[in-house]
Amino acid sequence: MNTLKKWMLIAAMSFCASSFANTFTADLSDLWFNESEAGWGVNVTHQREVIFLTFFIYGPTGKATWYTGQAALSGQNSQGAATYTGTMYEFTGPYFANFFNPAAVSGRSVGTVTFTAFLDLATISYTIDGISVTKVVTRQTFRANDLSGQYVGAMKQVQSGCTGQAFNGDFNNVTEFSIAHNDKSLIMTARQPDGTVCSYDGSYTQNGRVGRAQGNYSCPGGLSGTYDILEIESNLHGFTARYVANNNVCSSVSGRIGAMRK
């Protein structure tokens, strides 16, 4: 076993088992930074209840220094903010232009790291050899995704505070989606099997690898309200998201969307 794998295994074995998984929290995999301090940042890779962090930061002499952290989910509050805690490591190795010898890689634990994230905002605190740093970071965006297209999928809605008791409850509907998206705006129609079509019109924001759409929507019969579709993760095959809304019939609507591209 090479040195890097050995240190990764030691780090992984140091965690206690957790009942949480990233299927119950937002996926934090992304490039995170502080936009007022461009030039440093941290890459986060999220698998199950563990995040692995690679830092591009600089040592006391100004030279780039290789640090990593591995943190396990240690708590989640009622608002959905998740906290991950673990150990920071420093690694050194052979000169990159030579044949890479894994046996020349060495590492040591240098401190701790805590990463607390809610939606697209996070606080990272870490300690390296007794020096502590705390920063507020966001997902770094390079380009906005394009969700334009035709989809088939489902919407899950939990409705409460409705004017009629029949509207309260948990509803699951097969839905066809049509989306027109041009960077800053998103227009979507959602058609259910009975022919009911609701229209969504709003703004779109890209936050790293996830998106967010907010605006107004209306459905037949005079139903109208505001919506927030967030944590939109999209790829060539479709998209998933969660959303919250309220309208002139129900004070609270929350749910999920999952759709495959036609």
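## Starting with β6 and β7

Let us begin in the middle of the chain, where strand β6, residues 106-118, lies alongside strand β7, residues 121-128; six bridges join the two, and they run antiparallel. One of the residue pairs here is V113 with Y126, its bridge partner in β7. What you are looking at is a predicted model, which is worth keeping in mind as you turn it around.

What holds such neighbours side by side? Strands of a sheet pair through backbone hydrogen bonds, and the pairing can be parallel or antiparallel.

## The barrel

The pair β6 and β7 belongs to a closed barrel of eight strands, which runs β1-β2-β3-β4-β5-β6-β7-β8 with antiparallel pairing. Neighbouring strands of this sheet are turned against each other by 30 degrees on average, direction ignored.

## Following the chain from β2 to β4

Another good place to explore is the stretch from β2 onwards. Strand β2 covers residues 41-47 and strand β3 covers residues 50-58; seven bridges join them, and they run antiparallel. If you find N43, look across to β3 for its bridge partner, T54. The two strands form a hairpin with two residues between them. In that turn, R48 has a positive phi of about 55 degrees.

From β3 you can move on to strand β4, residues 64-76, which pairs with β3 in the antiparallel sense over nine bridges. Here I51 stands opposite A71 in β4. The hairpin of β3 and β4 has five residues between the strands, and G62 takes a positive phi near 90 degrees in it.

## A closer look at A64

Is A64, in strand β4, buried or exposed? A64 is exposed, because its relative accessible area is 67% and the cut-off for exposed is over 50%.

Which residues does A64 touch, leaving aside those up to four places away in sequence? They are I57 and Y58. For a sense of distance, you can also compare A64 with T92: the two are 28 residues apart in sequence, and their C-alpha atoms are 11 Å apart in space.

## Towards the end of the chain

Further along, strand β14, residues 223-235, pairs with strand β15, residues 238-247, in the antiparallel sense over nine bridges. S234 has F239 as its bridge partner in β15. A hairpin is formed by β14 and β15, with two residues between them.

Strand β15 also pairs with strand β16, residues 250-261, again in the antiparallel sense, over eight bridges. This time the bridge partners to look for are A245 and, in β16, V253. These strands form a hairpin too, with two residues between β15 and β16.

## The whole protein

Now step back and take in the full picture. How many helices and strands does the protein have? Its secondary structure comes to one helix and 16 strands. Taken along the principal axes, the C-alpha atoms fill a box of roughly 70 × 35 × 35 Å. Of the 262 residues in the protein, 42% are buried. Among contacts between residues at least 6 apart in sequence, 42% join residues at least 24 apart.

The outside can be described as well. The accessible surface of the protein is about 14,100 Å², and carbon and sulfur atoms account for 56% of that. As for charge, there are 17 positive and 17 negative side chains, and the centres of the two sets lie 6 Å apart.

Notes
Residues numbered from 1 in each chain as written. Predicted model: local features only at pLDDT ≥ 70, side-chain atom pairs only at ≥ 80, totals over all residues. Heavy atoms only, no water. Pairing = 2+ DSSP bridges. Helix = DSSP H or I, 4+ residues; strand = E, 2+ residues; numbered from the N terminus. Buried < 20%, exposed > 50% of the residue type's maximum accessible area, 1.4 Å probe, protein only. Contact = heavy atoms within 4.5 Å. Areas by Shrake-Rupley, 256 points an atom, 1.4 Å probe, with all protein chains shown as cover. Lys, Arg positive; Asp, Glu negative; His and termini not counted. Charge placed at Lys NZ, Arg CZ, Asp CG, Glu CD. Axes fitted to C-alpha atoms, helices over the stretch in contact; angles between N-to-C directions.
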